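Here are some worked exercises to try with the model open in your viewer. Have a go at each task before you read the solution.

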Amino acid sequence: MTKPKTPTPWELAEFAVAHNNRVLMYGLPGTGKTYFGLTHAVKSEAYRLICTEEMTDADLIGCYKQNEKGTWTFQEGVGIKAWRQGARLVVDEINRMNGDVESRMMALIDSHASSSWQHPDTGEIVKPHPNFSVVATMNGEPEDLAPAILDRLTVRIAVNEPNPKALEALPEYLRGIATKWTGANAYPRFSLRSFVDFHAMNTSSANLEMSARVAFGEDQWKELNDFLLVNAGDLKAEEPK
Ligand SMILES: Nc1ncnc2c1ncn2[C@@H]1O[C@H](COP(=O)(O)OP(=O)(O)OP(=O)(O)O)[C@@H](O)[C@H]1O
Ligand SMILES: [Mg+2]
């Protein structure tokens with residue numbers, strides 16, 4: 001009898017985001033959480049909200065702004081926009097949100113049944129479109145979040161390995177070393193971003209050594225250089241004469 005296969009964290013994330021409209025993804029930096037939130041099972045638009053200490057209600061809900069004619073009108077923020085359109089809202093670094101906006105965020109990500117907002121000018125009651133969905137992301141552990149926020153994000157997926165699709169999207173010559181160096185247990189560990197940046201520099205400069213030095217640092221560049229030279233040798237051997 002074959003043993004049932006345990007799904008990978010990314011398989012769990014694919015399932016969760018496709019079938020639940022509020023998902024928290026947490027873990028090591030640079031594994032592909034934000035990219036995934038912005039692209040996976042998105043039904044219409046996707047918006048990104050990066051939480052900071054300085055953010056205010058205006059970022060989420062909206063604020064009054066003066067138009068060209070000098071009239072003050074209420075400009076809806078990304079949260080209300082996403083509600084109306086049934087869009088995906090990726091709430092990045094949700095653990096960095098400051099206490100002042102916490103109750104707004106709670107209302108924004110609450111279940112469809114309990115959420116509504118009244119437009120200050122028109123009095124219109126806005127409720128989230130049934131397709132509205134949230135993917136919240138963070139580094140660290142869910143317990144870092146306020147209990148009331150956590151209670152609205154009951155589906156939580158820990159991802160500490162890079163998304164295999166992100167590794168596949170890298171150029172072939174980098175996949176082997178990227179798989180090795182981006183793994184949860186790699187030491188030192190690098191983010192997918194280091195490989196994306198390295199490739200961009202290497203392509204524009206055709207200077208592999210300098211690109212590797214600046215992307216991976218003095219302690220690691222040589223190992224990468226050697227790895228790629230061996231790889232390049234293999235690739236050259238396959239080139240037609
Ligand atoms: N599925 C993918 N296909 C192609 N490239 C990807 C994919 N996922 C991630 N990447 C690349 O990896 C980079 C890092 O991904 P992303 O910003 O999603 O990581 P993250 O897990 O959100 O990181 P952090 O925890 O630091 O916010 C992206 O800018 C993109 O270049
Ligand atoms: Mg991110």
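**Exercise 1.** Which residues are buried in helix H10 (residues 208–216)?

*Solution.* A few ground rules come before the count. This is a predicted model, where local features need pLDDT of at least 70, side-chain atom pairs count only at pLDDT 80 or more, and totals for chains, interfaces and linings use all residues. Residues are numbered from 1 along each chain as its sequence is written, while chains are lettered from A and ligands numbered from 1 in the order in which they are written.

Step 1: fix the terms. Helices (H or I, at least four residues) and strands (E, at least two) are DSSP runs, numbered from the N terminus. A residue is buried if 20 or more other C-beta atoms lie within 10 Å of its own, exposed if 12 or fewer, and partly exposed in between, with C-beta atoms placed from the backbone.

Step 2: apply them. The buried residues of H10 are Ser211, Ala212, Ala215 and Phe216. They cover an arc of only 95 degrees around the axis (taken from the directions from the helix axis to the C-beta atoms), so they sit on the same side of H10.

Step 3: look just past the end. Gly217 follows H10 with a positive phi of about 90 degrees.

**Exercise 2.** Work out which side of helix H1 (residues 9–19) is buried, and what covers it.

*Solution.* Step 1: the buried residues of H1 are Trp10, Ala13 and Val17. Their arc around the axis is only 50 degrees, which puts them on the same side of H1.

Step 2: flip to the face turned away from that side, and you find the exposed residues Ala18 and His19.

Step 3: list the cover. It includes strand S1 (22–26), helix H2 (33–39), S8, S9 and helix H7 (164–169); contact here means C-beta atoms, placed from the backbone, within 7 Å.

**Exercise 3.** Give the strand order of the open sheet of 5 strands, and find its edges.

*Solution.* Step 1: the order reads S2-S5-S8-S1-S9, with parallel pairing; two strands pair if DSSP finds at least two bridges between them.

Step 2: strands S2 (46–50) and S9 (155–158) each have a single partner strand, so they are the edges and one side of each has no neighbour in the sheet. From one strand to the next, the twist averages 20 degrees.

Step 3: zoom in on one pair. S5 (residues 88–92) and S8 (residues 133–138) are joined in the parallel sense by 4 bridges, and Val91 stands opposite Ala136 in S8.

Step 4: add a helix. H4 (residues 78–85) packs on the sheet, where it touches S2 and S5, and its direction makes about 155 degrees with that of S2. Axes are lines fitted to C-alpha atoms, for helices over the stretch in contact, and angles run from 0 to 180 degrees between N-to-C directions.

**Exercise 4.** How many residues of strand S3 (residues 62–66) are buried, and how does S3 pair with S4 (residues 72–76)?

*Solution.* Step 1: of the 5 residues of S3, the number buried is 0, so S3 lies largely in the open.

Step 2: S3 and S4 run antiparallel, joined by 5 bridges. Gly62 has Glu76 in S4 as its bridge partner.

Step 3: check the turn. The hairpin has 5 residues between the strands, and Gly70 takes a positive phi near 90 degrees there.

**Exercise 5.** Describe the shell around ligand 1.

*Solution.* Step 1: there are 16 residues around ligand 1, and Pro29, Gly32, Thr34, Ala166 and Ala169 come nearest. To count as near, a residue needs its C-beta atom, placed from the backbone, within 6 Å.

Step 2: H2, H7 and helix H9 (192–205) each supply at least two residues of this shell.

Step 3: sort by type. The shell divides into 6 nonpolar, 7 polar and 3 charged residues, where Ala, Val, Leu, Ile, Met, Phe, Trp, Tyr, Cys and Pro count as nonpolar, Asp, Glu, Lys and Arg as charged, and the others, Gly among them, as polar.

**Exercise 6.** Track down some backbone oddities in the loops.

*Solution.* Step 1: a cis peptide bond, with omega about -10 degrees, joins Tyr187 and Pro188. Pro188 belongs to the loop between H8 and H9.

Step 2: Ala41 isn't a glycine, yet its phi is positive, near 50 degrees. Ala41 lies in the loop between H2 and S2 and is partly exposed, with 16 C-beta neighbours inside 10 Å.

Step 3: Ala206, also not a glycine, has a positive phi of about 55 degrees. Ala206 is in the loop between H9 and H10 and is exposed, with 9 other C-beta atoms within 10 Å.

How values were computed:
Contact = placed C-beta atoms within 7 Å.
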